[in-house]
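The paragraphs below lead a new reader through the structure, beginning with one pair of helices and ending with the whole chain.

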Amino acid sequence: MAAEKLQKRLFGTNGVRGIIGKDMTPELVLSIGLAFGSMRKGRIAVGRDSRTSGESLANAVKAGLMAAGCDVVDCGMLPTPALQYLVMHHFDGGAMITASHNPPEYNGVKIIEPDGTEMGDEQTVILEERIFSRNFDVQTWEHVGFGTTATQLVDDYTNAIINSVPKNIGANMSVVVDPGCGAASVTTPKILTGLGCRVFSINAQIDGHFPGRLPEPSPEGLAGLADLVRSTRSAFGVAHDGDADRAVFVDENGRFIEENQEFALIADYICREHRGIIVTPVSSSLLIETVVKKRGSSVVYTPVGSIYVARTMRSLLDTGETVVFGGEGNGGLIFPNHQFCRDGGMTATIMVAILAQSELPLSKLIDQLPVFHMIKEKIRISNPEQLIEQLAESCKGYPIDRTDGLRITKGNAWALVRPSGTEPLIRVMVESAVPDSARQFYQELMGYIMPAIKSE
Ligand code: MG
């Protein structure tokens with residue numbers, strides 16, 4: 001039932017990305033626009049995050065789309081989920097110029113389908129074939145598309161989120177937002193203000209040089225957010241990645257909340273009212289399944305990548321299942337009543353709703369969650385696929401799930417060993433509620449892996 005991975009040449013799990021002036025050029029983006037415009041006719045929305053190269057690449061993709069006969073509406077600077085929301089309601093497709101959490105020198109393109117989801121593997125392979133064979137449906141003068149601008153449309157997105165929860169739910173609550181100078185600078189402060197919160201902000205000026213912190217909202221970059229939360233006595237602080245499909249949090253004491261705990265807290269809140277299926281990749285902590293099962297709901301696992309989560313949620317719903325929530329253990333969460341993609345602004349809103357209902361502060365809610373111990377490692381290896389097969393042989397006495405790489409269960413511990421999609425390395429994760437079990441299983445796996453690396 002879970003969506004399957006297909007091999008692609010240009011696009012990764014989250015669109016195509018590269019370094020500006022090197023492997024990410026206007027020529028490449030023009031060809032993506034031409035190929036996409038050749039596949040999908042009609043009105044296409046284009047958006048971009050705050051990167052310095054955004055306008056140049058947005059113009060390139062627009063040129064390609066119009067040359068292929070599509071009418072293009074430039075929605076300006078906005079989060080990826082905002083463009084996805086607008087596409088779902090108003091357009092026949094979308095192209096988002098973003099490199100998400102990557103450093104400032106990167107940029108890229110995400111292709112959005114009419115239902116607001118990112119283009120799936122099957123269609124992406126067809127798109128890539130058109131790009132490599134330069135198979136473009138370039139129009140003659142009377143069929144070239146129009147270009148218009150509609151930057152005010154982003155208000156549809158912010159209003160939809162504000163109206164998805166009871167009016168003034170954030171009254172009497174102070175919150176701090178750190179959009180990292182990225183696309184959420186134009187949406188999340190507005191959303192939280194619309195919920196009735198008293199809003200403080202840091203790094204909320206649009207700046208593609210990212211002077212405050214890098215677009216990845218890692219704990220090291222959030223000291224300023226944590227300080228401001230403490231000094232303003234706010235209920236929490238929220239930070240986004242560059243295109244704001246993800247949201248991470250610090251509690252009222254400025255402590256960073258690990259993203260699997262964030263997922264579990266929100267899953268618990270949703271499952272209190274709605275029983276059904278939660279969809280998440282095999283890399284997510286067992287904490288999520290533990291919390292969800294306690295509420296009488298269940299988990300369906302997918303390969304790693306939000307697109308597989310979103311598409312699996314859709315296909316489960318199509319077969320009549322009740323799907324209440326989904327997401328990844330990196331702050332990328334999907335609320336199916338809103339839309340089928342990760343949405344950082346919506347995630348911040350649900351956190352306001354949780355705390356509005358709770359008598360306890362965020363730190364106490366997190367401390368009530370069961371504790372799991374996770375070990376993570378990256379190992380360089382020239383032939384990851386071969387190692388995976390050797391390891392499968394070594395571990396054949398244990399239950400193995402092959403949804404993505406190897407998910408091996410041993411007693412109360414589990415491990416995920418999978419090749420990186422982009423680099424010659426494998427990622428190893430081991431987790432257990434019992435620290436010794438996690439450590440011992442990790443050492444056992446290393447006992448199989450390290451000799452294979454040495455023999456290379
Ligand atoms: Mg992102």
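In this predicted model, a good place to begin is a pair of helices, α13 with residues 384–394 and α14 with residues 435–454. Their axes come within 10 Å of each other and cross at roughly 140°. Angles over 145 degrees would count as roughly antiparallel, and those from 65 to 115 as roughly perpendicular. The pair is therefore described as oblique. The crossing of α13 past α14 is right-handed.

Which residues make the contact between the two helices? On α13 they are Leu-387, Gln-390, Leu-391 and Ser-394. On the side of α14, the contact is made by Leu-445, Tyr-448, Ile-449 and Ala-452. Sorted by character, 6 of the contact residues are nonpolar and 2 are polar, while no charged residue takes part.

From this pair the view can be widened to the protein, which has 14 helices and 19 strands. The protein is divided into four parts: domain 1 covers 16–151, domain 2 covers 156–255, domain 3 is made of 259–346 together with 353–367, and domain 4 covers 373–454. Between the centres of domain 2 and domain 4, taken over C-alpha atoms, the distance is 36 Å.

The overall dimensions come last. Along its principal axes, the C-alpha trace spans about 70 × 60 × 45 Å. How does the radius of gyration fit with what a compact globule would have? For 456 residues, such a globule would have a value near 23 Å, and the protein has 22 Å, so the two agree.

Notes
Residues are numbered from 1 along each chain as its sequence is written. This is a predicted model: local features need pLDDT of at least 70, side-chain atom pairs count only at pLDDT 80 or more; totals for chains, interfaces and linings use all residues. Side-chain values use heavy atoms; hydrogens and water are left out. Domain bounds come from an automatic or database domain assignment. Axes are lines fitted to C-alpha atoms, for helices over the stretch in contact, and angles run from 0 to 180 degrees between N-to-C directions. Helices (H or I, at least four residues) and strands (E, at least two) are DSSP runs, numbered from the N terminus. Angles under 35 degrees count as roughly parallel, over 145 as roughly antiparallel, 65 to 115 as roughly perpendicular and the rest as oblique. A crossing is left-handed if the near helix is turned anticlockwise from the far one by less than a right angle, and right-handed if clockwise. Contact means heavy atoms within 4.5 Å. Ala, Val, Leu, Ile, Met, Phe, Trp, Tyr, Cys and Pro count as nonpolar, Asp, Glu, Lys and Arg as charged, and the others, Gly among them, as polar. The radius of gyration is taken over C-alpha atoms; the globule rule is 2.2 Å times the number of residues to the power 0.38.
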